[in-house]
Amino acid sequence: MPDVMNHNTPTGVHYVAHAVGSVTTTEIDNYKTNLVADVGLSPHVPVIGDQWVDHDSPYLLEGEYQPLPGDSIFHWWNIWGYSGSGSTSYYEDSAFTSYGSDSATAVVTMVSGRGYVY
């Protein structure tokens, strides 16, 4: 995903992947910092979430279904805005044709085990 984003973004913008192993205060703080830095650029540069959700996951994107037991969802989605210094993320999800918002904790939980591109 970073290669695709780097090929299709304005000159001077460089995306990098950030792996998230588990949900920690440090990972949540890093996510908020990276989100604010990227979306605050001119032109705005979205963060791309690499979601991993299974049947027991506590968070889902707006309109997303809970996977059946034994199933998982691996899914890319666009995080385009924030409020509260990154405490709330605003996203769009083309697979479910939805827009929504979630806490930084929810986002980091949804991408744990995978990561995000910023």
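# Exercises on a predicted model

At a relative accessibility of 13%, Asn-34 counts as buried, and this value, like every other one here, is computed from a predicted model.

**Exercise 1. Work out where Asn-34 lies and which residues it touches.**

Step one is to place the residue: Asn-34 lies in helix 2, the helix that covers residues 25–39. Step two is to explain the word buried, which applies because the relative accessibility of Asn-34 is 13% and the cut-off for buried is under 20%. Step three is to list its neighbours, and once residues up to four places away in sequence are set aside, Asn-34 touches Val-47, Tyr-116 and Tyr-118. Step four is to look at the side chains, where a polar contact of 2.9 Å links Asn-34 with Tyr-116.

**Exercise 2. Describe the sheet, its edges and its twist.**

Begin with the order of the strands, which is 1-6-2-3-4-5 in an open sheet of six strands with antiparallel pairing. The edges are taken by strand 1 (17–19) and strand 5 (98–103), and each has a single partner strand, so one side of each is left without a neighbour in the sheet. From one strand to the next, the twist averages 30°. Helix 2 packs on this sheet and touches strand 1, strand 2 (47–54), strand 3, strand 4 and strand 6 (115–117), while its direction makes about 60° with that of strand 3. Helix 3, made of residues 104–111, lies across strand 2, strand 3, strand 4, strand 5 and strand 6, and runs at about 105° to strand 5.

**Exercise 3. Follow the pairing of strand 4 with strand 5, and then find which side chains of strand 5 are buried.**

First, strand 4 (residues 88–93) pairs with strand 5 in the antiparallel sense over six bridges. Two residues of strand 5 can then be matched to their partners: Asp-102 stands opposite Ser-89, and Ser-103 is the bridge partner of Thr-88. Next comes the hairpin of the two strands, which has four residues between them and in which Thr-97 takes a positive phi near 45°. Finally, the side chains alternate along strand 5, with Ser-98, Gly-100 and Asp-102 pointing to one face and buried, whereas Tyr-99, Ser-101 and Ser-103 point to the other and are not buried.

**Exercise 4. Determine whether Asn-78 is buried or exposed, and name its contacts.**

Asn-78 is found in strand 3, which spans residues 72–83. Its relative accessible area is 18%, and therefore Asn-78 is buried. Leaving out residues up to four places away in sequence, Asn-78 touches Pro-46, Val-47, Ile-48, Tyr-90, Tyr-91 and Glu-92. With Glu-92, the side chain of Asn-78 also forms a polar contact of 2.5 Å.

**Exercise 5. Compare the radius of gyration with that of a compact globule, and describe the protein as a whole.**

The elements are counted before anything else, and the protein has three helices and six strands, which run α-β-α-β-β-β-β-α-β from the N terminus on. For 118 residues, a compact globule would have a radius of gyration near 13 Å, and the protein, at 14 Å, agrees with this. Its C-alpha atoms fill a box of roughly 45 × 30 × 25 Å along the principal axes. Of its 118 residues, 41% count as buried. Among the contacts with a separation of 6 or more, 58% come from residues 24 or more positions apart.

Terms used: Residues numbered from 1 in each chain as written. Predicted model: local features only at pLDDT ≥ 70, side-chain atom pairs only at ≥ 80, totals over all residues. Heavy atoms only, no water. Buried < 20%, exposed > 50% of the residue type's maximum accessible area, 1.4 Å probe, protein only. Contact = heavy atoms within 4.5 Å. Polar contact = N/O pair within 3.5 Å; in protein donor to acceptor, adjacent residues only side chain to side chain. Pairing = 2+ DSSP bridges. Axes fitted to C-alpha atoms, helices over the stretch in contact; angles between N-to-C directions. Rg over C-alpha atoms; globule rule 2.2 N^0.38 Å.
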